[in-house]
Amino acid sequence: MMYTIETEELTKRFGDLVAVDNLTLRVKEGEIFGFLGPNGAGKTTTVRMLVGILTPSSGNARVGGYDLLKETERIKEIIGYMSQHFGLYEDLTVWENLTFYARLYLKDKRKSTLAANEVMERFGLDFYRDHLVRNLSGGWRQRLGLACAMVHKPKIAFLDEPTAGIDPVTRRVIWDMLYELAQGGTTLFVTTHYMEEAEHCNTIGFIWQGRLIACAQPSEVKERIMGEEVVRLRVEPFFPAFEFLKEMGEPIRDVNSYGDAIHLMVKDAKEALPVIERELNSRGFSIKELTKANPTIEDVFVYLSRKELKKG
Amino acid sequence: MERIAALTVKELKHIRRDPRSLIMVLFFPMLMLILFAYAITFDIREVPTALFDADRSAESRGLILSLSSSGYFRMIPVGSYRATEEKLNSGEAWAALIIPAGFARKIDRGETGSIQILVDGSDSNTASQVVAYLKGALIRYSGKLLFKKSLREGRLMNGSPISFRPRLWYNPDLKSPNFLIPGLIGLIMMVIGVMLTSLSIAREEEDGTLEGIRVSPISSLEFIVGKLLPYILIAIAELVLILIAGITIFDLPFRGSFSLLFLLSLIFFVSILGMGLLISTIARTQQMAWLLSLLLTFLPSLILSGFIFPIRNMPYFVQLITYLLPARYFIVILRGIILKGVGFSQLKMQVVYLVVLGSTFMVASILRFKKKIA
Amino acid sequence: MFSRIFAMVRKEFRQLSRDRRILPIVIVAPLLQLFLLGYAANLDIRHIPFAVADYSQSAEARELIREFARSGYFDLVMEVDDMRKLDPLIARGEVRVGLVIPANFGAHIGRKSRASLALILDAADANTARIALGYASVIVERFSRRMIIATLNERFNPYSLNLRRMMEEGEGGILDPRIRVFYNPEMKSRNFFVPGVIALILMVMTTILTAASIAKEKEAGTLEQLIVSPIKKRELLIGKLIPYVIIGFIDAGLVLFVGIYWFKVPFRGSILLLFFGAALFLMSTLGMGLLFSVISRRQQQAMITAFFALLPSMILSGFIFPIENMPRAVQYLTYLIPIRYFLVIVRGIFLKGVGFSVLKGQFIALFILGFSFLLVSLSLFRKRLS
């Protein structure tokens with residue numbers, strides 16, 4: 001199995017701040033790797049190092065078979081990159097942006113035009129061909145940003161928060177496109193802070209305060225990494241119950257709100273359920289639902305970060 | 001190669017999308033050239049000279065005639081010595097010629113008649129030319145008188161019938177720094193008050209933060225005041241800095257009242273803030289704001305305000321344009337207070353002009369700004 | 001209301017101070033201008049270089065030459081034996097005034113008849129020329145009177161027509177200076193300044209425009225996308241510059257057109273050479289602007305830096321204030337200013353009609369400067385985020 005991205009103790013320091021801390025991971029060819037973490041965790045910094053525009057403080061990596069430190073410019077030829085700002089020119093049209101980036105990578109005017117047309121169709125941007133980027137809504141800009149990153153059909157694509165601030169429908173559309181790309185053999189390194197998107201990925205890496213705190217397939221993450229179990233509770237009145245449960249202590253380890261429900265982390269759901277029921281009922285809360293639930297990625301992440309906090 | 005082409009094409013497209021800027025970039029230089037080329041000249045013509053002829057003799061009139069026929073001097077006859085001083089102080093006259101009573105009689109008796117020449121030395125360049133010319137002209141006339149006397153006496157007379165020593169006022173050593181440094185204060189204020197401020201507001205527009213202003217409860221006026229106030233503080237610091245440096249390092253004399261200078265500087269500065277604001281409402285990008293303020297306010301002020309080139313020497317239509325430049329009035333004020341030590345009464349007109357000009361700019365720009373924000 | 005205003009003020013100061021370069025520039029630059037204006041900017045004309053072709057080798061001639069040299073206004077630079085040798089000296093700018101004393105000078109003065117004298121002035125800089133003429137006239141005047149008095153003391157004859165004519169005309173008397181004004185016969189200082197204004201405007205436009213170029217992409221975040229691509233550093237910088245080269249040439253053409261056809265500044269040289277010079281000059285100004293852009297993080301920074309670099313250039317370039325009048329140390333500094341060389345080129349081609357051989361040095365200097373700016377920009381620019 002070919003690894004297209006391998007990092008080894010990749011580190012980036014900004015003065016006293018360690019933004020990325022000895023990051024070691026491997027991404028297989030053709031897979032979608034999700035890099036998850038809250039804002040400021042070091043996701044963008046990692047991506048910037050891997051695409052060769054930020055020099056690591058220490059450590060190294062191989063991208064597409066090339067050495068990050070020694071063959072940086074060669075890496076740039078085979079990758080695509082979509083930054084958080086999308087790198088789009090506001091006062092140019094969709095078409096002009098696409099052909100510009102195409103020409104930058106493909107170096108041939110005719111080939112560039114073909115590639116731009118192709119990617120424009122694929123991403124459904126035909127309609128907006130002659131619209132100025134300035135006049136496009138967020139969702140369409142994102143699509144264009146992705147299109148520009150992919151116009152030259154790179155082997156590896158780094159997408160930094162490709163779905164930030166996007167409505168769920170468009171988000172689904174974009175992920176469909178990403179699947180297609182991955183099926184075509186492109187390796188995708190995607191960062192996001194939307195936990196539910198992790199379900200879409202082949203492998204997830206959790207990054208927290210610069211450190212990789214977990215790296216596995218989504219199912220694995222939910223089953224093996226999670227050291228606790230989740231109890232799902234719907235209760236009235238919501239907020240007083242929430243406050244009470246937060247103070248309750250054992251067997252409750254953590255309380256999170258989830259829409260109109262509350263997720264409680266417990267060591268053993270079977271043992272905890274009756275205890276919780278008793279405590280709530282005795283205080284006059286009205287329970288609508290109280291069951292063991294499958295942990296979501298978000299639950300796992302919250303658990304892991306709590307663990308890290310306790311460590312540090 | 002192909003990549004360079006791709007980049008160039010992109011850049012040209014950017015330019016095409018902003019035709020207003022392109023036109024400005026192409027045609028303003030021409031406009032500037034035309035304006036400046038007309039204005040820049042050191043050629044003196046018609047130096048206004050206050051004239052007090054107390055002698056009114058044939059000899060004195062002969063002298064005056066020979067001087068005024070050259071075209072270099074425009075005589076302003078006055079009735080007293082004090083009047084010539086006043087004309088110099090107010091700037092109406094750049095030189096003064098005083099022929100004392102008894103001038104002709106002294107020459108007749110074979111003695112030397114002396115005349116007084118006062119030259120406003122603040123513009124050292126013009127002053128040098130005036131002095132050089134006067135020297136030559138007077139030596140020549142003196143030679144003529146000598147010959148006439150020789151004819152009358154029947155023998156060659158010696159000596160010089162006319163003696164004079166030009167007194168250079170305000171800047172006796174004709175030091176260029178004294179001429180230029182006061183003007184520098186005005187220029188630096190232009191940079192801060194117009195260029196930096198227009199840039200600052202244009203930046204907010206480019207960054208998109210003007211939107212936040214629209215939404216917040218802050219009023220346009222509060223925004224403007226808040227935006228411009230820091231620059232007033234910076235300008236005051238600059239004023240003090242330049243003055244101190246000028247006085248300690250370059251022996252710049254300071255003959256007037258500092259508080260008056262301070263007050264009038266503030267008035268000037270506030271009046272040019274309106275220009276900066278106006279430009280920011282016209283320019284859409286930072287680049288344009290900077291370029292516009294540079295081309296439309298700074299360079300014209302550098303060249304046309306009298307900072308280096310005397311306004312009087314410029315063609316009349318250019319002189320008319322200078323009336324629109326606040327810096328023009330400020331330079332008069334600066335030189336007046338620093339070099340000549342004049343008071344408010346003599347500078348009244350300048351202040352009036354400044355206030356009128358300034359408020360016009362301010363009002364126009366605030367109105368435009370409000371429309372822009374709304 | 002005041003709290004809101006105060007909030008804005010505080011924000012503005014914070015933004016200004018964040019940009020570590022702006023505030024120091026705003027403080028230092030005025031002081032710099034002050035120093036320049038104080039030390040370098042000098043309109044007083046002294047030490048005008050002059051040369052003499054003395055054919056008479058008489059005592060009187062030598063005395064006249066001494067008068068000139070002693071006056072404090074003129075510096076005797078060279079004595080030549082042939083007056084044709086004066087022309088190239090003036091063309092090269094080594095000498096501003098030429099004095100030609102004919103062979104019969106001493107004899108004429110001895111015989112109390114009119115002696116003539118030729119004064120050649122480089123009036124490209126009309127201002128200096130006029131003042132030089134003024135001084136020269138005064139010196140000649142005085143000398144003339146002294147000669148008259150010395151030689152005619154005992155033989156005064158009021159009816160001598162010669163004498164009468166000489167003295168009544170009141171002009172030099174015994175000396176009849178024939179004045180030849182080179183290059184700018186009407187002595188219009190405009191002819192001197194318009195080429196300078198052309199150069200100035202070109203410099204300002206191109207430098208400021210380019211200064212914003214790279215910094216703008218940095219600000220907008222699009223530079224990131226560019227440096228991720230395989231584009232090479234030099235490709236990126238060249239691609240960015242080309243549009244400004246085009247604009248620069250168009251601007252140059254337009255202002256030259258106005259200068260020649262509207263202001264009728266005499267144009268005596270080769271237009272091809274002028275454009276070649278302009279191209280080299282643009283290389284310097286664009287290179288400078290690019291350099292500022294590369295080292296700045298924001299447009300504002302770049303443009304302010306460019307502007308404050310331009311101000312001293314304007315003052316020290318010889319545009320208004322003659323470089324010869326500046327203190328030695330400052331004169332050395334002016335060798336780093338591109339527009340200094342271009343001014344010589346422009347004035348030379350317009351007013352003096354000189355060719356490449358005379359201007360060789362200027363062209364080479366411009367090339368070196370421009371190339372250096374570009375080279376430094378290239379090496380300072382990294383395809384990395386800082």
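These legends walk through several close-up views of a predicted model.

**View 1. Chain B from end to end.** Let's start with chain B as a whole, where the secondary structure adds up to 14 helices and five strands. Its radius of gyration is 27 Å, well over the 21 Å that the globule rule gives for 374 residues, so chain B is more spread out than a compact globule. If you drew a box around the C-alpha atoms along the principal axes, the box would come to roughly 95 × 55 × 35 Å. Even so, buried residues make up 51% of the 374 residues in chain B. Now look at contacts in chain B with a separation of 6 or more: 79% of them are between residues 24 or more positions apart.

**View 2. Where the two domains of chain B meet.** Chain B splits into domain 1, covering 47–169, and domain 2, covering 175–373. The centres of these two domains, taken over C-alpha atoms, are 41 Å apart. At the contact, seven residues of domain 1 of chain B meet 11 residues of domain 2 of chain B. On the domain 1 side, α4 (81–90) and α6 (124–153) of chain B each chip in at least two residues. What kinds of residues make up that domain 1 side? There are six polar residues and one charged residue, with no nonpolar ones.

**View 3. A serine in a loop of chain B.** Zoom in on B:Ser305, which sits in the loop between α11 (286–304) and α12 (316–322) of chain B. Is B:Ser305 buried or exposed? It has 24 C-beta neighbours inside 10 Å, so B:Ser305 counts as buried. Setting aside neighbours within four places in sequence, the residues in contact with B:Ser305 are B:Gly186, B:Thr322, B:Leu325, B:Ala327, B:Arg328 and B:Ile331. As for B:Ser345, it is 40 residues from B:Ser305 in sequence, and the two are 22 Å apart in space, C-alpha to C-alpha.

**View 4. Chain C and its two domains.** Over in chain C, you can pick out 15 helices and five strands. Of its 386 residues, 51% count as buried. Take the contacts in chain C between residues at least 6 apart in sequence, and 82% of them join residues at least 24 apart. Chain C is divided into domain 1 (48–182) and domain 2 (188–380). Their contact uses seven residues from domain 1 of chain C and 10 residues from domain 2 of chain C. Which helix gives the most to the domain 1 side? That would be helix α6 (residues 126–152) of chain C, with three residues. Sorted by type, the domain 1 side that touches domain 2 of chain C has three nonpolar, two polar and two charged residues.

**View 5. A pair of strands in chain C.** Here we focus on strand β1 (residues 48–54) of chain C, where six of the seven residues are buried, so the strand is largely enclosed by the rest of the structure. Six bridges tie β1(C) to strand β2 (residues 74–80) of chain C, and the two run parallel. To find one of these pairings yourself, start at C:Ile48, whose bridge partner in β2(C) is C:Phe74.

**View 6. A serine of chain C that touches chain A.** C:Ser229 is found in the loop between α9 (222–228) and α10 (233–262) of chain C. With 22 C-beta neighbours inside 10 Å, this serine counts as buried. Which residues does C:Ser229 touch, not counting residues up to four places away in sequence? The answer is A:Lys76, A:Leu104 and A:Tyr105. Look for C:Lys383 too: C:Ser229 and C:Lys383 are 154 residues apart along the chain, and their C-alpha atoms are separated by 9.4 Å.

**View 7. An open sheet in chain A.** This sheet has six strands in the order β7-β8-β9-β4-β10-β11 (chain A), with mixed pairing. At the edges stand β7 (79–82) and β11 (211–216) of chain A, each with a single partner strand, so one side of each is left without a neighbour in the sheet. On average, neighbouring strands of this sheet are turned by 15 degrees against each other, direction ignored. Follow β7(A) to strand β8 (residues 156–160) of chain A: four bridges join the two, which run parallel. One pairing to look for is A:Ile79 with its bridge partner in β8(A), A:Ile156.

**View 8. Where chain A meets chain B.** This contact takes eight residues from chain A and seven residues from chain B. On the chain A side, five residues are charged and three are nonpolar, with no polar ones.

Methods. Residues are numbered from 1 along each chain as its sequence is written. Chains are lettered from A and ligands numbered from 1 in the order in which they are written. This is a predicted model: local features need pLDDT of at least 70, side-chain atom pairs count only at pLDDT 80 or more; totals for chains, interfaces and linings use all residues. Domain bounds come from an automatic or database domain assignment. Ala, Val, Leu, Ile, Met, Phe, Trp, Tyr, Cys and Pro count as nonpolar, Asp, Glu, Lys and Arg as charged, and the others, Gly among them, as polar. A residue is buried if 20 or more other C-beta atoms lie within 10 Å of its own, exposed if 12 or fewer, and partly exposed in between; C-beta atoms are placed from the backbone. The radius of gyration is taken over C-alpha atoms; the globule rule is 2.2 Å times the number of residues to the power 0.38. Two strands pair if DSSP finds at least two bridges between them. Axes are lines fitted to C-alpha atoms, for helices over the stretch in contact, and angles run from 0 to 180 degrees between N-to-C directions.
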